[in-house]
Structure formats: C-alpha cells, structure tokens
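Okay, thanks everyone, I'll keep this short. I want to walk you through the open spaces and the helix packing in this one, so have a look at the structure first.

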Amino acid sequence: MTQTIYSPDFMTGDEFSIPTFSVLNPEGELHDEAQDPELDRDHARRIYHAMLATRIMDERMMAAQRQGRLSFYMQCVGEEAAVVGATAALDDADMIMAQYREQGALMYRGFSFDEFMNQLFGNELDYGKGRQMPVHYGSRKLHYMTISSPLATQIPQATGYAYGQKLAGEGYCTLTFFGEGAASEGDFHAALNMASVHKVPVIFFCRNNGYAISTPAVEQFAADGIAPRAFGYRMHVIRVDGNDVLAVYEATQKARKIAVENNQPVLIEAMTYRLAAHSSSDDPSGYRAKSEEETWRLKDPILRMQKWLDHKGWWSDDEEAELQERLRREVLETMKRAEKRPAPALDTLISDVYADITPTLQHQFDSLKQHIRRYPEAYPRGAKSLDLDVRDDANQQGGE
C-alpha cells in the first residue's frame, strides 16, 4: 500500500544499503559467521578444475595472440569464480546467454579444448564456420547460446527465452551474464522490466569488474552499483563477493530456486575485478594503477578456492602441479592441431543463412568468388578452397 505524506520529502535511495554476501576470506577460510554451502568433494573439484583450466587456456591464448597466431582474444582472468561458480549452481540443461568473458561456463559444462581452439582459429571444424571473430563461442548441446558482438543484446533475449521456458513448464531457467558497463545499455532496463511484468525464470548476473573497458564504475553511474536497480522493477536481488566461488555458488543456487519454483526473475551483482586487459587490443596501464591490480591479485579467486580445498583435505600440492602441467600440455597440443586445420570451404559462407539461398545472396557469392579468383594472393585461405577454379582460370588465360 502506498503511504501518503503531507509535505514534500524526497528520497535518493541512500536510505537503502545492499550488503555483500561472502563465505570465504582471501585466505580460503570461512568467515566467522559463515557456513560451507552444500557442496561435495567431487563437485568442488570439478569447479576448481574448470576455473584453473580457464586461467591456463587464457594465458596461453593471449600469448598466441601476441605471437600473431591469433587475431584477437579476451581473458576471464580474475573473474573465474563469478562465471564458474554461477554455472555450477545451475542445472546443466539451463540456458546460458553470455557476453564475451564467460568461457569458464563452457569449460565447466565440458566444452573441450579442441572445440575452443576450432572456434578461435575459425577452421573447418568451427561450429560457427569461421564466420565470427574469436571468443564468440556457442554450443547447442551444452545449452550455451552463441555469443554476439553487440553489447547487451543477450539480456532481453534471455528474458524472451525464459518466457518460453515458463510456458514449457519443464523446470528450467535462463542465466545471462553481462558486465556493469552493459547495464548502461537500454537493453538492460527493457529486459528487467519485461521479466518482472511477465514473471519469467531468468537470472540476470552482472559481473561488476570495476571498468567498462577504460571507464571506471564511478564515471558510469552515481548510484550504489547495479543491485539497487532491482528495486525499480520489484525484483529479487543479491550482491555477492564475485571472487568467492562458494558465495557465488550458494547465491546462484538460491536464485535458481526462486526463478524456477516461483517464476520470478533475480538480479545478482558479483563484485569482482578484471585482472587482465579488457581484450588483446587494450592496455590497462593507461587508465588504472599497478598498485590497484596488485591489491586485487591478493584476492585471486583461484588461489582462494585452492586454499579452501586444501583446508578441507580435498586437494594437494602434488595434484596441483600435475594438473597444471597436464592442462598446459593439452592446451598447447590442441592449439597446434587447430591452427593447422584448413578454413571452412568457401561455400559454407552462405549454405545455411536461409533455408534456401536467395538469388541476391547467390549473386553476391558469385561476385566474391570472381574477386578471389582475380586476386588469389590477397585471399590465400579463400583461394585454397577454390584451387581448382583458380588453376582453371590460369590455364584459360595462358591458352589465350
């Protein structure tokens, strides 16, 4: 019921204070009043494996980009607990709609290094057929919607998909990841309003890592982060320590229960930090201090979970060394295989854009092939799939 007042009394929102939920301190120990979530040994080790594998792949692939072997890359470094912890709390059949830094979600669900590498190098085994830039993964079998480049488009799409899940009534939800910068897009507000009005099972998971590329959070919004925005849509909300995998796991687990059992959307704001550059095209030294980065390195989410596992007797130094060595070897071996595989055949560029290839699209494709035949040295990968045509053209020109 709306309260009536009889003199103007304005509110700014400062009357509300949203706390941060945390379970582990940076030393991997439980806070005094905290309790371990219901997480057994095997599940915990699966989560840690995915976090570490993501970190090692990121390090190797950024090095490959610097060597000129890869055109572009984006790392998840520092945010592994937020991504993997949230994914681990879902049903594996729940839909995930990611932004572009959530490779850990796929890693947890079993996406292989070969599948990662095939997409990164855009070879003939790439599910996207080489049509997208690197780190734009997708997997139908793992319920991970293919990433698209435009910022925040996945947020309203998640609401729509979750509405379909509500109608299907099979007990699944959708979780969409995005950064606090994407929350400045109009898509964010449209999605939250639609989700609240139609009461759909969707979890909006904001990775607040402090920067929208080079723009710090204090220059993005004046309010207390992203979490308070949920009040405007009468939505369940929680703020969580995004470097604490146990806190993220428990918060997402409870959010899923609200979403699926009550058909109610939930907003989670995970407070974390991007330890790496925004992308391989970015240099963070131009907009943040090294001392700031070092402060956050002491809160490394992987090291925090490793210490917790060690305290529980579920992990050892020998296992750590063996796993790191094996993962590095597997990443290197699969990368070498993937970069040697040929590009997709040129005709796959239009083979499944429409159910039937339109005359206009066919005309454009024929023009492209003629252009490549004329300048094969400028398009070596495309020309390779047209080798016979190129040789035929050369022979005809020689005969004339």
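Before anything else, please keep in mind that this is a predicted model. Let's start with pockets.

By class, seven nonpolar, eight polar and four charged residues make up the lining of the largest pocket. As for how much room there is, the largest pocket holds about 450 Å³ of space. If you want to find it on your screen, look for Tyr127, Gly138, Ser139, Arg140 and Thr146, which are the closest to its centre of the 19 residues lining it. Helix 4, at 113-121, and strand 3, at 144-145, are the elements that give two or more residues to that lining.

Now the runner-up. The second largest pocket comes in at about 350 Å³. It's lined by 19 residues, and the closest to its centre are Gly122, Lys129, Gly130, Ala343 and Pro344. Which elements give two or more residues to the lining here? They are helix 4 and helix 12, the latter being 380-384. Helix 4 makes the largest contribution to the lining of this second pocket, with three residues. So keep an eye on helix 4, since you've met it in the largest pocket and again in the second largest one. By class, the lining of the second largest pocket has nine nonpolar, seven polar and three charged residues.

What about closed spaces? How many cavities of 30 Å³ or more does a search of the whole structure find? The search turns up one. The largest cavity has about 40 Å³ of space in it. Around it you'll find Met97, Ala98, Met145, Thr146, Ile147, Ser148, Gln154 and Gln157. Sorted by class, that cavity lining has four nonpolar residues, four polar ones and no charged ones. Thr146 is a name you've heard already: it lines this cavity, and it is also among the residues closest to the centre of the largest pocket.

Okay, on to the helices. Two packed helices are described by the angle between their axes and the distance between the axes.

First up is helix 5, residues 154-168, against helix 6, residues 186-198. Their axes are 7 Å apart, and the packing angle is about 20°. Helix 5 and helix 6 are therefore roughly parallel to each other. The crossing of this pair is left-handed. On the helix 5 side, the contact uses Ile155, Pro156, Thr159, Tyr163 and Lys166, and on the helix 6 side it uses Asp187, Phe188, Ala191, Met194, Ala195 and His198. By class, this contact of helix 5 with helix 6 counts seven nonpolar, two polar and two charged residues.

Next, helix 1, residues 41-66, and I'll take its partners in turn. With helix 10, residues 317-340, the angle is about 45° and the axes sit 10 Å apart. That makes helix 1 oblique to helix 10. The crossing is right-handed for this pair. The contact list is a long read, and I'll just give you part of it: helix 1 brings residues including Arg45, Tyr48, Leu52, Ile56 and Arg60, while helix 10 brings residues including Glu319, Leu323, Leu327, Val331 and Met335. In the contact of helix 1 with helix 10, there are 12 nonpolar, two polar and seven charged residues.

The other partner I want to show is helix 9, residues 301-312. Here helix 1 packs at an angle of about 150°, with the axes 10 Å apart. Parallel or antiparallel? Angles over 145 degrees count as roughly antiparallel, and helix 1 and helix 9 are therefore roughly antiparallel to each other. Their crossing is left-handed. From helix 1, the contact takes in Ala44, Ile47, Tyr48, Met51, Leu52 and Arg55, and from helix 9, Pro301, Ile302, Met305, Gln306, Trp308 and Leu309. These residues divide into 10 nonpolar, one polar and one charged.

One last thing to click on: Tyr48 and Leu52 of helix 1 are in the contact with helix 10, and Tyr48 and Leu52 are in the contact with helix 9 as well. That's it from me.

Conventions. Residues numbered from 1 in each chain as written. Predicted model: local features only at pLDDT ≥ 70, side-chain atom pairs only at ≥ 80, totals over all residues. Heavy atoms only, no water. 1 Å grid on protein atoms, 1.4 Å probe; cavity = no way out; pocket = protein on both sides within 12 Å on 5 of 7 lines; lining within 4 Å. Points joined across faces, edges and corners; volume = space filled by probe spheres on them. Helix = DSSP H or I, 4+ residues; strand = E, 2+ residues; numbered from the N terminus. Nonpolar A, V, L, I, M, F, W, Y, C, P; charged D, E, K, R; others polar. Axes fitted to C-alpha atoms, helices over the stretch in contact; angles between N-to-C directions. Parallel < 35°, antiparallel > 145°, perpendicular 65-115°, else oblique. Left-handed = near helix turned anticlockwise from the far one by under 90°. Contact = heavy atoms within 4.5 Å.
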